Amino acid sequence: MSKKILVLPDVQAKAGNDFTYLKRIGTYMVEKQPEIVVCIGDFADMESLSSYDKGKKSFEGRRYKRDVEASKEAMRAFLEPLNDYNERAKRYKEKRYRPRMVMTLGNHEHRISRATEDSPQFDGLLSVDALEYKEFGWEVYPFLEVVVIDGIAFSHYFGTGVMGRPASTAAAQLRVANMSCFAGHQQGKQIHYGKRADGSIITSIISGSCYEHEESYLGAQGNSHWRGFWMLNDVSNGAFDEMPVSLKFVNERFKHVTFDPNRLETITNRFQ
């Protein structure tokens, strides 16, 4: 039986961002009810641990605790519609919606592990566990571990060459994976198709921008990339019909949906 998979690319949640759009994506998820939801990593930004900006003026004022709280606020926004749906279903003794939720950690979450490796005094103080992904109901897989679901390989990115650098194109990624595959990490959207010997189609997608903010390092032109998430429909043995869903669409479709982070501070994590 074919399935539906919703894929959430890089959110890179930062303190001060408006996460209303994530609640709207969560509303879309509850409406379509895919059996599986995959977060491809870099949900948290963890800019306080960025080695790229360290020592620069832009680095001032960043704090690890604020980064962690921003990630948790963003996750609550995304999962609030699911929580509310299941609370109503429980109240009226109806069937609850419980998708399988898979998280493949990205290089931004890996900043936490790298910080403890570079500065051993932080060991035991800094941890990916602080993001509470598991408590929110996710199966969590380490950075660059490949998770195969119904013939599709998911990872934050697929490494190429002896240095393991991220595949820069969907075509290169397909050559590495040799099967249908989905990665984030790189902004915009790329798709490449191939065929197995039996004629069946395999598909490679790179899409790593599910956020509304702009990144200063990309400049004016670099920030004009596509932003959104994906529905993979009729998934079966690596074959699927891909459907990109832009943030522009979801914001217009669910413009009545608003997000109040203060309300969520009193809600325990009941998303499992």
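# Close-up views of a predicted model

**View 1. Helix H6 holds a salt bridge between Lys-248 and Glu-252.** The closest N and O atoms of Lys-248 and Glu-252 are 3.1 Å apart; a salt bridge is here a side-chain nitrogen of Lys or Arg within 4 Å of a carboxyl oxygen of Asp or Glu. The structure is a predicted model, in which local features need pLDDT of at least 70 and side-chain atom pairs count only at pLDDT 80 or more, whereas totals for chains, interfaces and linings use all residues. Residues are numbered from 1 along each chain as its sequence is written, and side-chain values use heavy atoms, with hydrogens and water left out. Both residues of the pair belong to helix H6 (residues 247-253) and are 4 residues apart, about one turn of the helix. Helices (H or I, at least four residues) and strands (E, at least two) are DSSP runs, numbered from the N terminus. Lys-248 counts as exposed because its relative accessibility is 57%, and Glu-252, at 48%, is partly exposed. In these legends, buried means under 20% relative accessible area, exposed means over 50%, and partly exposed lies in between (1.4 Å probe, protein chains only). Elsewhere, Lys-14, Asp-45 and Glu-47 are joined into one network by salt bridges that share partners.

**View 2. A salt bridge connects Lys-72 with Glu-132.** A search of the whole structure finds 10 salt bridges. In this one, the closest N and O atoms are 3.6 Å apart. The pair links distant parts of the chain, 60 residues apart: Lys-72 lies in helix H2 (residues 64-91), and Glu-132 lies in the loop between H3 and S4. Lys-72 counts as buried because its relative accessibility is 11%, whereas Glu-132 is partly exposed, with a relative accessible area of 25%. Side chains of opposite charge can pair when their charged atoms come close.

**View 3. Arg-100 and Glu-139 form a salt bridge between two strands.** Here the closest N and O atoms are 2.8 Å apart. Arg-100 is in strand S3 (residues 100-104) and Glu-139 in strand S4, so that distant parts of the chain, 39 residues apart, are linked. Both residues count as partly exposed, Arg-100 at 33% relative accessibility and Glu-139 at 27%.

**View 4. Ser-127 lies in the loop between helix H3 (107-118) and S4.** Ser-127 is partly exposed, with a relative accessible area of 29%. When residues up to four places away in sequence are not counted, Ser-127 touches Tyr-64 and Ile-112; contact means heavy atoms within 4.5 Å. Ser-127 and Arg-111 are 16 residues apart in sequence, and their C-alpha atoms are 9.8 Å apart in space.

**View 5. Six strands make up an open sheet with mixed pairing.** The strand order is S4-S3-S2-S1-S12-S13, and two strands pair if DSSP finds at least two bridges between them. Strands S4 (139-141) and S13 (239-246) are at the edges, each with a single partner strand, so one side of each is left without a neighbour in the sheet. From one strand to the next, the twist averages 20 degrees; axes are lines fitted to C-alpha atoms, for helices over the stretch in contact, and angles run from 0 to 180 degrees between N-to-C directions. Strand S12 (residues 228-236) runs antiparallel to S13 and is joined to it by 7 bridges. Among the residues of S13, Ala-239 is the bridge partner of Ser-236.

**View 6. An open sheet of 5 strands, with mixed pairing, is accompanied by helix H4.** The order is S5-S6-S9-S11-S10. Strands S5 (147-149) and S10 (190-195) stand at the edges; each has a single partner strand, so one side of each lacks a neighbour in the sheet. The twist averages 20 degrees from one strand to the next. Strand S9 (residues 180-183) and strand S11 (residues 201-206) run parallel and are joined by 3 bridges. Phe-182 stands opposite Ile-205 in S11. Helix H4 (residues 170-177) packs on the sheet and touches S9, S10 and S11, its direction making about 125 degrees with that of S11.

**View 7. Ile-191, Tyr-193 and Ile-201 form a nonpolar patch on the surface.** Together these residues have about 260 Å² of accessible area, computed by the Shrake-Rupley method with a 1.4 Å probe; for residues, only the protein chains shown count as cover. Patches are made of residues with over 30% relative accessible area and no salt bridge, like charges being joined within 9 Å and nonpolar side chains (Val, Leu, Ile, Met, Phe, Trp, Tyr) within 5 Å. Tyr-193 is placed in strand S10 and is partly exposed, with a relative accessible area of 45%.
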